[in-house]
Amino acid sequence: MSKTITPYHDEQATKKEQVADMFNNISKTYDFLNHFMSLGIDIIWRKKAINELKNDKPKLILDVATGTGDFAFEALSILKPEKIIGVDISRGMLDIAEQKIAKRGLGDKFGVKLGDSEKLPFEGAEFDAVTVAYGVRNFENLEKGLADINRVLKPGGKVVVLEFSKPKAFPIKQLYNFYFSYITPGIGKLFSKDARAYSYLPESVAAFPDGQTFVALMDKVGFKNTKCRPLTFGICSIYTGIK
Ligand SMILES: C[S@@+](CC[C@H](N)C(=O)[O-])C[C@H]1O[C@@H](n2cnc3c(N)ncnc32)[C@H](O)[C@@H]1O
C-alpha cells in the first residue's frame, strides 16, 4: 500500500484530523492565496467544471469539501438551483463561507454544515448532483468518500469532481514541478500562517491517483459513464460520473 501523505506527518493524529487542523489554520488567507497562486486560473477551472452540469439542471446540489464556498457560489450563479448544501470537516473554512453567504444575501439558497465525506450526514438518494473541488485529494479514504457520494445521489444524478492532476508533456511537466515544488511553498510561507500547508499541497498532488486510475475508482464504487477531462495541459482535471 502507498504511504498516506498527511499535512504534519504526525503519527498521533489521523489524516482527517490533520487536514481539518490545517484548513482551520489557513482559512483566513485561503481565498487570496488560491487566486494569487493560480494567477486567477482557478476561477476559470471552477466555471468549466460547473458547466458540466448545465444540461442536467440540478435542483438540489451537495458541495462536498465546500471550504470557503467558492465552488458552490459558482454553481449558484451558473446553474441557479433551488438549493445548495455545502459540507466540510473544517469549522474555520465554513465560518468564512458563512460570512460570504451573509454578505451576498444568499442564506436561503446556500447553507453549510460540518460533515465528513466518508460519512455524509444525509439519507440516501437525496441529491440531483454532487460537486467536489480540490477536496478528494485530501480525503483519508478516497474509495469510501466516493462510495458515500454515490449513496447520497439520486439514481441518474451526476457527480463532478475537480482536482489537480500531473501534466505529462515536456516542458509543462518540468515547469509545473518547479512552480509547485519551489514557488508555491515559498509564497505559502510568506503569506500564510502555516508553511506546512503549502508543502503538503505538492506532496498530496504527487500522491493522488489521477487520470484513469481515479476513473477506475469511480467505476469501482458504482458510477456509470465516467469521464476524465484534462484542463490546461493536464494541470487540473474534471471527472464526471452518473449514478
Ligand atoms: C482545498 S480546499 C477546497 C475548498 C473548496 N471546494 C474550493 O474549491 O475552494 C479542501 C477542503 O476539503 C475539506 N475536506 C478535506 N477532507 C474532507 C472530508 N473527509 N470531508 C469533508 N471535507 C473535507 C477541507 O477541510 C478543505 O476545506
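These legends accompany close-up views of one predicted model.

**View 1. The whole chain is built from helices and strands.**
There are eight helices and seven strands in the chain. Its C-alpha trace spans about 40 × 40 × 35 Å along the principal axes. The radius of gyration is 17 Å, which agrees with the value near 18 Å for a compact globule of 243 residues. Of the 243 residues, 52% count as buried. The accessible surface comes to about 11600 Å². Carbon and sulfur atoms own 58% of that surface. Now look at contacts between residues at least 6 apart in sequence: 72% of them join residues at least 24 apart.

**View 2. Helix α1 packs against helix α7.**
Helix α1 covers residues 15-37, and helix α7 covers residues 197-207. Their axes are 10 Å apart, and the packing angle is about 95°. Angles of 65 to 115 degrees count as roughly perpendicular, so α1 is roughly perpendicular to α7. Which residues of α1 and α7 make the contact? From α1 come K15, V19, M22, I26, L33 and M37. From α7 come A197, Y198 and Y200. By class, this contact has eight nonpolar residues, one charged residue and no polar ones.

**View 3. Helix α1 also meets helix α4.**
The axes of α1 and α4 come within 7 Å. They cross at roughly 30°. On the α1 side, the residues are F23, N24, S27, K28, Y30 and D31. On the α4 side, they are R91, G92, M93, I96 and K100. The classes here are mixed: four nonpolar, three polar and four charged residues.

**View 4. S27 sits in helix α1.**
Is S27 buried or exposed? Buried means under 20% relative accessible area. S27 has 5%, so S27 is buried. Find its contacts beyond the neighbours within four places in sequence: T68, G92, M93 and I96.

**View 5. M93 sits in helix α4.**
Helix α4 runs over residues 91-103. The relative accessible area of M93 is 3%, so M93 is buried. Which residues does M93 touch, not counting residues up to four places away in sequence? They are F23, N24, S27, Y30, G67 and T68. Now find K193, 100 residues from M93 along the chain. The C-alpha atoms of M93 and K193 are separated by 15 Å.

**View 6. Helix α3 is mostly covered.**
Helix α3 spans residues 70-79. How many of its 10 residues are buried? The count is eight. They are D70, F71, A72, F73, E74, A75, L76 and L79. K80 follows α3.

**View 7. K80 lies in a loop after α3.**
This loop runs between α3 and β2, and β2 covers residues 83-88. Phi of K80 is near 50°, a positive value in a residue other than glycine. Exposed means over 50% relative accessible area. K80 has 63%, so K80 is exposed.

**View 8. K57 is another residue with positive phi.**
Look in the loop between α2 (41-51) and β1 (60-64) to find K57. Its phi is near 45°, and K57 is not a glycine. With 64% relative accessibility, K57 counts as exposed.

**View 9. A cis peptide bond joins F170 and P171.**
Omega of this bond is about 0°. Where is P171 found? P171 is in the loop between β5 (153-164) and α6 (172-191).

**View 10. R137 is a buried residue in a loop.**
The loop of R137 lies between β4 (127-133) and α5 (142-152). R137 is charged, yet its relative accessible area is 8%, so R137 counts as buried. What does R137 touch, not counting residues up to four places away in sequence? Its contacts are K15, E163, F164, Y200, L201, S204, V205 and F208. Two of these names, K15 and Y200, also appear in the contact of α1 with α7.

Conventions. Residues numbered from 1 in each chain as written. Predicted model: local features only at pLDDT ≥ 70, side-chain atom pairs only at ≥ 80, totals over all residues. Heavy atoms only, no water. Axes fitted to C-alpha atoms, helices over the stretch in contact; angles between N-to-C directions. Helix = DSSP H or I, 4+ residues; strand = E, 2+ residues; numbered from the N terminus. Parallel < 35°, antiparallel > 145°, perpendicular 65-115°, else oblique. Contact = heavy atoms within 4.5 Å. Rg over C-alpha atoms; globule rule 2.2 N^0.38 Å. Buried < 20%, exposed > 50% of the residue type's maximum accessible area, 1.4 Å probe, protein only. Areas by Shrake-Rupley, 256 points an atom, 1.4 Å probe, with all protein chains shown as cover.
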